[in-house]
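The report below describes the nonpolar cores, one strand residue and the aromatic pairs of a predicted model.

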Amino acid sequence: MRGGRKNLKRAVEEEFFTLQKGQSIMQVLDLRGSNIIQVRDAKGETSLAIFPAKFQKSMWIKTGNFVVVDDSGREEATESGRKVGCVVTQVLYYDQVRVLQKSPEWPEIFKSTAVESSKQDNTQSHNSQMDENEDSSDDDGLPPLEANTNRLNPFQGESETESDSETDS
């Protein structure tokens, strides 16, 4: 979709889309900084892709996510010696990935990685929940928290004045 940021939300809300000529699905391997990411294609080859500025502050990616990349100039870039050969056109979210996994457009190499990553996410969340339960019952031998002496507690101030007035009477 063209038009900059105003159409980004509309593109994200679309659950099903088709890949156009020159586009392919790639997995994010590494975030290099300065809007440069390392991606792996369906053949297992890695390359650098640019994450356009129009996605800043509206879409976030992390290692293992899937993106749609325009790699039409990829061969030309490698021949001329440029390092960046692809441009990210869309970030695929969980629902979109689930729909695409069932379609024939989804690369075979990513079928096992998508299942493994979702299993890892589930086990990590389960482990973190168990850790939180353990942390709540155990103090880990730490001393109790001390009161903040830099701030007056309004309840203490009232109780002191009440006790003073009772002793004065």
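## Nonpolar cores

In this predicted model, the largest nonpolar core comprises 14 residues, and those with the most contacts inside it are Ile37, Ile61, Val67 and Val88. Two or more residues of this core come from each of β1 (23–33), β2 (36–40), β4 (66–70) and β5 (84–92), with β5 giving the most, namely three residues.

Apart from residues up to four places away in sequence, Val67 touches Ser24, Ile25, Met26, Val28, Val39, Ile61, Val88, Gln90, Val91 and Leu92. A second core, separate from the largest one, has nine residues, among them Ile25, Phe66, Leu92 and Leu100.

## Ser24 in strand β1

Ser24, which is placed in strand β1, has a relative accessible area of 18% and is therefore buried, the limit being under 20%. Its side chain is joined to that of Asp71 by a polar contact of 3.2 Å. When neighbours within four places in sequence are left aside, the residues in contact with Ser24 are Leu19, Val67, Val68, Val69 and Asp71.

## Aromatic pairs

The count of aromatic pairs comes to four. One of them is formed by Phe51 and Phe55, a tilted pair with 5.2 Å centre to centre and 40° between the planes; both Phe51 and Phe55 are buried.

Phe66 and Trp106 form an edge-to-face pair, with 4.9 Å centre to centre and 65° between the planes. Because Phe66 lies in strand β4 and Trp106 in the loop between α3 (94–101) and α4 (108–137), this pair ties together parts that are 40 residues apart in sequence. Phe66 is buried at 6% relative accessibility, as is Trp106 at 2%, and Phe66, Trp106 and Phe110 form one aromatic cluster.

Key
Residues numbered from 1 in each chain as written. Predicted model: local features only at pLDDT ≥ 70, side-chain atom pairs only at ≥ 80, totals over all residues. Heavy atoms only, no water. Core = buried A, V, L, I, M, F, W, Y, C linked by side-chain atoms within 4.5 Å. Buried < 20%, exposed > 50% of the residue type's maximum accessible area, 1.4 Å probe, protein only. Helix = DSSP H or I, 4+ residues; strand = E, 2+ residues; numbered from the N terminus. Contact = heavy atoms within 4.5 Å. Polar contact = N/O pair within 3.5 Å; in protein donor to acceptor, adjacent residues only side chain to side chain. Phe/Tyr/Trp six-rings, centres within 6.5 Å; stacked < 30°, edge-to-face > 60°.
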